[in-house]
Amino acid sequence: MSPLKAGDKAPQFSLPDQDGETINLSDFKGQRVLVYFYPKAMTPGCTIQACGLRDAMDDLKDFNIEVLGISIDEPTKLSRFSEKEMLNFILLSDADHQTALQFGVWGEKQFMGKTYDGIHRISFLINPQGNIEHVFDKFKTSDHHQVVLDYLKQHSS
């Protein structure tokens, strides 16, 4: 597994959202987009991470950031997750994990002694030109939103 790096062109994708609508990365051309990959909706860590982003949304909007959360969950599960946690951003279903592969976040993981393939928890800030501006790969689920905001505060134009 080798995640994309800052400066790389972000892969274009079209994925169904929590309502079954197709969302394209190109829909956000000219905007900064935080694409965050997470393993599984409605699990404790992913819920903490999503709620942190939800609660920080006003601050993220101050930097004109759109947030797209991507997992391999089906849209129906994403819809339940979004409603249950009152999420205020788009969740996308990468059921065949092709987008995760393109971003280099699909690979071997270990959990409770088992080895399996899955999504690694990595986020990409994509600039208005469609390039990866920054990769967030060192954070806890509880401080992910703060790590992103700290970066934005330090690198705002």
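## A walk from a buried cysteine to two cores

Start by selecting Cys-46, which counts as buried because its relative accessibility is 1%, under the 20% cut-off. Keep in mind along the way that this is a predicted model.

**The two cysteines.** Stay with Cys-46 and look for a sulfur partner. The nearest cysteine sulfur belongs to Cys-51 and is 11 Å away, and Cys-46 is in no disulfide. Now click on Cys-51. Here too there is no disulfide, with the sulfur of Cys-46 as the nearest at 11 Å. Is Cys-51 buried or exposed? Cys-51 is buried, at a relative accessible area of 13%. For the structure as a whole, the number of disulfides is 0.

**The open sheet.** Next, colour the strands. Five of them form an open sheet in the order β5-β4-β3-β8-β9, and their pairing is mixed. Which strands sit at the edges? They are β5, residues 90–93, and β9, residues 132–136, each pairing on one side only. If you look along the sheet, neighbouring strands are turned against each other by 20 degrees on average, direction ignored.

Zoom in on β8, residues 123–126. This strand runs antiparallel to β9, and 4 bridges join the two. For one place to rest your eye, select Ser-123, which stands opposite Phe-136 in β9.

**Helices across the strands.** Show helix α1, residues 44–55. This helix lies across β3 (32–37), β4 (65–71) and β8, and runs at about 165 degrees to β3. Then add helix α3, residues 75–85, which lies across β4 and β5 at about 160 degrees to β5.

**The largest core.** In soluble globular proteins, nonpolar side chains tend to be buried together. To see this model's largest nonpolar core, select Leu-60, Val-67, Phe-89 and Leu-152: of its 25 residues, these touch the most other members. Elements giving two or more residues to this core are β3, α1, α2 (57–62), β4, α3 and α5 (144–154). Which element gives the most? That is α5, with 4 residues.

Now centre the view on Leu-152. Leaving aside residues up to four places away in sequence, Leu-152 touches Arg-32, Leu-60, Phe-63, Ile-65 and Leu-125.

**The second core.** For the last stop, select Leu-4, Phe-103, Ile-126 and Val-135. These are among the 24 residues of a second core, separate from the one you have just visited.

How values were computed:
Residues are numbered from 1 along each chain as its sequence is written. This is a predicted model: local features need pLDDT of at least 70, side-chain atom pairs count only at pLDDT 80 or more; totals for chains, interfaces and linings use all residues. Side-chain values use heavy atoms; hydrogens and water are left out. A disulfide is a pair of cysteine sulfur atoms within 2.5 Å. Buried means under 20% relative accessible area, exposed over 50%, partly exposed in between (1.4 Å probe, protein chains only). Two strands pair if DSSP finds at least two bridges between them. Axes are lines fitted to C-alpha atoms, for helices over the stretch in contact, and angles run from 0 to 180 degrees between N-to-C directions. Contact means heavy atoms within 4.5 Å. A nonpolar core is a set of buried Ala, Val, Leu, Ile, Met, Phe, Trp, Tyr and Cys residues joined through side-chain atoms within 4.5 Å.
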